[in-house]
Amino acid sequence: MNSVFDRLYEKYHHDVFQFLYYLVKNREQAEDLVQEVYIRVLKAYDRFEGKSSEKTWLFSIARNVAIDHFRKQNAWKDRIFQRFDWKQHQLTDREPLPEEITLQKEEIQLLYRCLDLCTLDQKMVLILRYIQSLSISETAQMLGWSESKVKTTQHRALKALKKKMETLLTKAGEKA
Amino acid sequence: MNNKNLHDEEIERLLKAMPKIKDIQKKEVLYRKVMQSITHEEKKKRIFVTPKLVVACALILIAIISLSFLKNNEISINPYNQMKEEANYDNSANNELEKNSDQMENQILLTSVLEKMSVYKDDLLENERVFVYGIPDQQFQNVIPITIVSKVSQDQSWLDRYNQIMKLLQEEEWGLFDYYPYEGNVSKIDNSTLKFAAKKTHSYGNSSIQETTLIISLMENFRGQGIKRIELFTENNPGIDFSHTGTIDQIEIHNINKNGYFLYYTDNGYQFLVPYRNMFNTIEEALTAMKSDIETHNLYSSIPKHVSFSQKDSGNLLTIQFTDPSLIEENSESMKMIEAILLTAKDFGYHQVQFTNTGLTTLGEFNLSQPIDVPIGPNRIKID
């Protein structure tokens, strides 16, 4: 086994996988994407200059892979459903909830669904900051952003999530 | 949650409580998939990368010439034009450079990719031995020999360790049938004879497929260990009752099996070099057959159709002379071909193979300028 692959896998695989998983919320897609990450990593490793840490570099590749994935997916959606009002249907999650989530409390399940209503940038910040517990400065490095951009995006993301959660909870309350 | 007005802190707390999600895919499987895609993309890449490289090389050339120009000519009038002329002038140098950096580009890509699938004598560290297990695929069409390399401690025999590892095999993870451990025991009678005692309740007699799989697996597993004969028992009684051939009380193990090796891909991304047990008459016949797929067995050609060669043998050494060296590229396809030929040569009794007119001096870890020893075990797999 290639030593670069071996080392990166042992050190960061689960972090990278989890990052991608929460972005796409589909195990198979996350598997495909993580595969793509390693393909790009192995092809470009000789050009890795050590300017950033290996972890930062790896995550920046994962981030690009995810962005490309959503770009492709949106292009596809645009072609197929030109007149389809996508926003209205976003909450009806196409994916069944994974077992890890269904085992959680109701609020967590709700939050998991609401994540999809954030922008990609917001989602990435939330995952890195809260699920992966990275600091603002680490998150900034991974995303290639300034720390203030991380802070602003994080602030907006939390706000957006809060609003959505509140709306949904109110609705649920009315029904009950 | 009664309060419908949430605080930021609560959202943060919930986010932090989101469950950790782990990849359930095995590392080895992922690795193989990654490697397969990389080698698959190699060819495509080569086509697209060239125009960019031409430009890059021209620029490098200009830079080199300009440097030497500036050094050699202290009084320069208009170096830039002259440089350009020189750059255009020497086209052959340009092409040469392009070729070199094309190769460089590929090497960068390949040094991390070209891994051997089999185990060779030199791969073993001190006290390490090889353990081969023939495992049927999910359809029982092929018995796929895999090799585990493991240390054998001093107070233990090879066979003890063999029996231990047999229980650790994770066949299903490798996309194969969960076959081991045997429904029976393997023990030693003498240095060249083993005893296989099936349990009373064994299922080897249920069908002819079960029967052949057992026999082939026993042959695969012990032929590299100097074993010539295996005596078959059902508990303490000699012989095993098979549905197809009746009672058999011993099998002879041959080292020369005259198999050709083909590629087999499992559904979960593993690839193996697998013997097709057709007993070819000559190695020439086997090597020719290896250029085509064997659809009935889901086996794929291990030698590209367009590659041709002649073979010559002198004792234990087989020489394979390729007709057109430009067809042998430094990629994993060539690696698989070389290893398939080596395994086939081994099954025809050769000890070494010399590849000539390949146009390459090395391929992965192989030094093609010297005869290469045949593998001591096919399809290396690592287990925890």
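Helices, here runs of H or I in DSSP of at least four residues, are numbered from the N terminus. In the predicted model examined here, the elements of chain A follow one another from the N terminus as α-α-α-α-α-α-α-α-α. Chain A thus comprises 9 helices and 0 strands, whereas the secondary structure of chain B comes to 8 helices and 17 strands. Of the 176 residues of chain A, 34% count as buried; in chain B, with 384 residues, the figure is 31%. Among contacts in chain A between residues at least 6 apart in sequence, 64% connect residues at least 24 apart, and a value of 64% is likewise found for chain B under these separations.

In soluble globular proteins, nonpolar side chains tend to be buried together. In the present model, the largest nonpolar core contains 53 residues, and those with the most contacts inside it are A:Val16, A:Leu20, A:Ala62 and B:Val34. Helix α1 of chain A, spanning residues 3–24, provides the largest share of this core, with 10 residues. A second, separate core is made up of 52 residues, including B:Leu114, B:Tyr264, B:Met290 and B:Ile320. The surroundings of B:Val34, a member of the largest core, were examined further. When neighbours within four places in sequence are left aside, B:Val34 is in contact with A:Phe5, A:Gln35, A:Tyr38, A:Ile39 and A:Leu42.

Contacts between the two chains involve 28 residues of chain B and 37 residues of chain A. On the side of chain B that touches chain A, at least two residues each are supplied by α1 (8–16), α2 (27–72) and α4 (91–111) of chain B. The largest share of that side comes from α2(B), which contributes 7 residues. By residue class, the side of chain B that touches chain A consists of 15 nonpolar, 4 polar and 9 charged residues.

Helix α1(B) was considered in terms of burial. B:Ile11, B:Leu14 and B:Leu15 are buried in this helix. Viewed down the axis of α1(B), the buried residues fall within an arc of 100° and therefore line one face of the helix. The face turned away from this buried side carries the exposed residues B:Glu9, B:Arg13 and B:Lys16.

In chain B, 4 strands form an open sheet of mixed pairing, in the order β12-β13-β14-β17. Strands β12 (309–314) and β17 (372–373) of chain B are the edge strands, each pairing on one side only. Strands of a sheet pair through backbone hydrogen bonds, either parallel or antiparallel. In this sheet, β12(B) runs antiparallel to β13(B), residues 317–322, and 6 bridges join the two strands. B:Ser310 stands opposite B:Gln321 of β13(B). By contrast, β13(B) and β14(B) pair in the parallel sense, over 5 bridges. The bridge partner of B:Ile320 in β14(B) is B:Phe355; B:Ile320 also belongs to the second nonpolar core.

In a regular strand the side chains alternate between the two faces of the sheet. For β14(B), B:Val353 and B:Phe355 lie on a covered face, while B:Gln352, B:Gln354 and B:Thr356 lie on an uncovered one. Helix α8 of chain B, residues 332–347, packs on the sheet and touches β13, β14 (352–356) and β17 of chain B. The direction of α8(B) makes about 140° with that of β14(B).

Several backbone features were also identified. Most residues other than glycine have a negative phi, and most peptide bonds are trans. A positive phi, near 55°, is found at A:Lys25, which is located in the loop between α1 and α2 (27–44) of chain A. A:Lys25 counts as buried because 21 C-beta neighbours lie inside 10 Å, the cut-off for burial being 20 or more. B:Lys258 also has a positive phi, of about 55°, although it is not a glycine. This residue, B:Lys258, lies in the loop between β9 (250–252) and β10 (260–265) of chain B. With 19 C-beta neighbours inside 10 Å, B:Lys258 counts as partly exposed. In addition, a cis peptide bond, with omega about 0°, joins B:Tyr180 and B:Pro181. B:Pro181 is placed in the loop between α5 (158–166) and β3 (184–190) of chain B.

Conventions: Residues are numbered from 1 along each chain as its sequence is written. Chains are lettered from A and ligands numbered from 1 in the order in which they are written. This is a predicted model: local features need pLDDT of at least 70, side-chain atom pairs count only at pLDDT 80 or more; totals for chains, interfaces and linings use all residues. A nonpolar core is a set of buried Ala, Val, Leu, Ile, Met, Phe, Trp, Tyr and Cys residues joined through C-beta atoms within 7 Å. A residue is buried if 20 or more other C-beta atoms lie within 10 Å of its own, exposed if 12 or fewer, and partly exposed in between; C-beta atoms are placed from the backbone. Two residues are in contact if their C-beta atoms, placed from the backbone, lie within 7 Å. Ala, Val, Leu, Ile, Met, Phe, Trp, Tyr, Cys and Pro count as nonpolar, Asp, Glu, Lys and Arg as charged, and the others, Gly among them, as polar. Two strands pair if DSSP finds at least two bridges between them. Axes are lines fitted to C-alpha atoms, for helices over the stretch in contact, and angles run from 0 to 180 degrees between N-to-C directions. The arc is that of the directions from the helix axis to the C-beta atoms.
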